[in-house]
Amino acid sequence: MIRSLATAALAALIAFPLAARAEEVGEVGVDWLGNDIIIEAISDPEVQGVTCHVSYFERGLVDRLQKGNWFEDPSDSSIACRQTGPLRIGDIDLSKDGEEVFNQGISLIWKQQVVNRIYDKKNETLIYLSHSRQVQDGSAKMAISTVPLYGQQVEWTKGKPQ
């Protein structure tokens, strides 16, 4: 029984690509209520040599008590992605809607902060979009960053898209 559960868990890990993990690199206190701006570094799991820095607002306990909305942080975020090493692009989704490379919860249950990668073949550019995903009302708050590949030495593990 335990062996079959371990085998099933391993198969699930192999079947689904691992999403990027964030590493907190900064935290700036913005007021006496305990509210902070968090800055995290995210390395794209399929594009070596690209790092995105995402910032977002994290509400403190006093702010939660004062405003009554206990369970979620605002949807605001900012993103900046840059080449931070030699570029090696793995098996990325080349479709128009791209693929999700990172997500994390910013509420107790429903809201998530998400980073998607889209490849703009015509302009040889990777586009990174940071936004929130909500079950109700969605969110129009988003930020975008690009990493140009034109003129760069890029290794495509599956061959450059034609």
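**Close-ups of a predicted model**

**View 1. Five strands make an open sheet, lined up in the order S1-S2-S3-S4-S9, with mixed pairing.** Keep in mind that this is a predicted model. Look at the edges and you'll find strand S1 (22–29) and strand S9 (154–156). Each of these has just a single partner strand, so one side of each is left without a neighbour in the sheet. If you ignore direction, neighbouring strands in this sheet are turned by 30° against each other on average.

**View 2. Here we zoom in on strands S3 and S4, which run antiparallel.** S3 covers residues 47–58 and S4 covers residues 77–89. How many bridges join S3 to S4? There are nine. To get your bearings, find Thr51: standing opposite it in S4 is Arg82.

**View 3. This one shows the largest nonpolar core, a group of 20 residues.** Which of them touch the most other members? That would be Val50, Ile79, Val115, Leu126 and Tyr128. Plenty of strands chip in: S3, S4, S5 (99–105), S6 (112–120), S7 (125–133) and S8 (142–148) each supply at least two residues of this core.

**View 4. Meet the one aromatic pair in the structure.** Its partners are Tyr119 and Trp156, arranged edge-to-face. Their rings sit 5.3 Å apart, centre to centre, with 70° between the planes. Are these two residues buried or exposed? Tyr119 is buried, and Trp156 is too. Tyr119 belongs to strand S6 and Trp156 to strand S9, so the pair ties together parts that are 37 residues apart in sequence. You've already come across S9 in View 1, as one of the strands at the edges of the sheet.

Notes: Residues are numbered from 1 along each chain as its sequence is written. This is a predicted model: local features need pLDDT of at least 70, side-chain atom pairs count only at pLDDT 80 or more; totals for chains, interfaces and linings use all residues. Side-chain values use heavy atoms; hydrogens and water are left out. Two strands pair if DSSP finds at least two bridges between them. Helices (H or I, at least four residues) and strands (E, at least two) are DSSP runs, numbered from the N terminus. Axes are lines fitted to C-alpha atoms, for helices over the stretch in contact, and angles run from 0 to 180 degrees between N-to-C directions. A nonpolar core is a set of buried Ala, Val, Leu, Ile, Met, Phe, Trp, Tyr and Cys residues joined through side-chain atoms within 4.5 Å. Buried means under 20% relative accessible area, exposed over 50%, partly exposed in between (1.4 Å probe, protein chains only). Rings of Phe, Tyr and Trp (its six-membered ring) pair if their centres lie within 6.5 Å; planes under 30 degrees apart count as stacked, over 60 as edge-to-face and the rest as tilted.
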